[in-house]
Amino acid sequence: MTRKKFRPKRRYGNLFYSAILLAMLILFNGCTGKGDLRFNPLPDASHFTLSGQIKLPEIIETDLTSSLRGTLVAISDFSTFMVSAGGVSSRSDKTGNFALNKVPFAEDLVVRAEAGKIALLRRVSSDELYYNDLSKLLLNLQTTAEALIWQQGLSIDKNLTAADIRAREYEALVAEVVTAIKLCLQLPKTAVPKTVLDLAAVKNAASSAASQILEREIMIREANSVLRHILLRSDIELLKVYVSPSFLNDWDTTSTWTDVISHYTDLFKDFIFTDVSWTIKSSEFLPDNLVRVRTEAKIRLKSLRTEEIVRDKTYTFDAMWRKEGNFWKVYRNMPYRDTHPTEVYADSRWGEIADAHRELQAALATEKIDVVAARISQNFGNDWDVNSTYNDLRTCTKSRFDAMDVKIANYSVDSIDFYQTDRAKVKCTAQVRVINLIPGVDIDSGQIKAVVEWRREDGVWKIFRNLPYRFSHPTSID
């Protein structure tokens, strides 16, 4: 009678092998943020240097040339323009370049360039002061129209953001303001008592646009703030509301509302988000109540069983939100699983490698050596070990299936570089502790850092090179 091998009760299956064979799985990936997403104003004593250039290629009626009377020309010398913001002023140079030093913080900060009847504006929001490059500010008719619309919005208790004003469905409204300014710039100075921005034609166009543009970005920021609190509080019921029933990811065909909820339901049982921060880098409103939100999220995830930090990473992604009923919901492209991308512009190849990871993980947990072997290139090798081959990796894997079980397994994918159409380098980190069943002793891999190369062969992604799978292999490879 054959004696069966004793196996301790296992919760996660043989994940040791996915660490050694993949060394690239993110255990759980939360796309969360820290703090209220409303802007926290800087102290009034904060000062900034603003610089940039005036751009005015349009033909206008002006006496700013050397002629004695106004002519229709394009201005080539901007040295007569006085640029000001927050009580600080400075004259532009001939090419339109300007610099304003020690400009004090203000919620309603606007850069103004003026010469005679001509005035150009550029709103500088609180977020821009805090996050953006302030050395390349442009002042032109487009920025002037946007600033005027924002000012008119304030007069009717609307705080319209740049994203609100630049939404695609409002392009025609903003264009009407630009056209009104252009036409007024062709009027003689005698018809313009102050500046063209004070004329009724310009003011009315800006007022009309402000009255029609919806104040939406603040709602998006509030929705993101709610999402952050959902994850911090492990509130699965509220998460069900803020993820669209139509949710999917471009780079993962298995991503659905059901999969998101199932994933976080399991995660909340064993892990907790101890720290989350969130920065909205930009927003773009699209037709059909859609908005693209580029987000930089930093997370720290802790295991409730081991008290170890299993994730401390930064993710940048373009999430799509959609207004459904009275709620803005995450509709598309929110990374949340171990193999989801950590940078923007991920394409379908991410999904293909993610599918390969899931297939390998399932096969490793059930000890299906043939399925594992099918994901290893016949030409597999390691730069640091001439004895590493397809056959050696398969033999080593089979022997470990028979001898070990996992106790702790932490994984992290730092990045994927598709350096050729059919080749990818996956930078990853892993740490695994296993029990050798026969002597009953633990073996700890320590922290493993590797750049594992995958290659697509006949339409199938396979591990091709530089996978540490023996204890004698290097544990830190950049």
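In helix α12, the buried residues (buried is under 20% relative accessible area, exposed over 50%, partly exposed in between, with a 1.4 Å probe and protein chains only) are Tyr390, Asp392, Leu393, Cys396, Thr397, Arg400 and Phe401. Helix α12 itself covers residues 390-403, 14 in number, and spans 20 Å from its first C-alpha to its last, close to the 20 Å expected at 1.5 Å a residue. That expected span is 1.5 Å times one less than the number of residues. Helices here are DSSP runs of H or I with at least four residues, and strands are runs of E with at least two, numbered from the N terminus.

All of this comes from a predicted model, where local features need pLDDT of at least 70 and side-chain atom pairs count only at pLDDT 80 or more, while totals for chains, interfaces and linings use all residues. Residues are numbered from 1 along each chain as its sequence is written, and side-chain values use heavy atoms, leaving out hydrogens and water.

Now for Thr195, which sits in the loop between α5 (171-185) and α6 (200-212). Thr195 counts as buried because its relative accessible area is 3%. Leaving aside neighbours within four places in sequence, Thr195 is in contact (heavy atoms within 4.5 Å) with Arg112, Glu114, Gly116, Lys117 and Ala119.

Ala362 belongs to helix α10 (residues 348-365). With a relative accessible area of 46%, Ala362 is partly exposed. Val372 comes ten residues away from Ala362 along the chain, and their C-alpha atoms are 9.3 Å apart.
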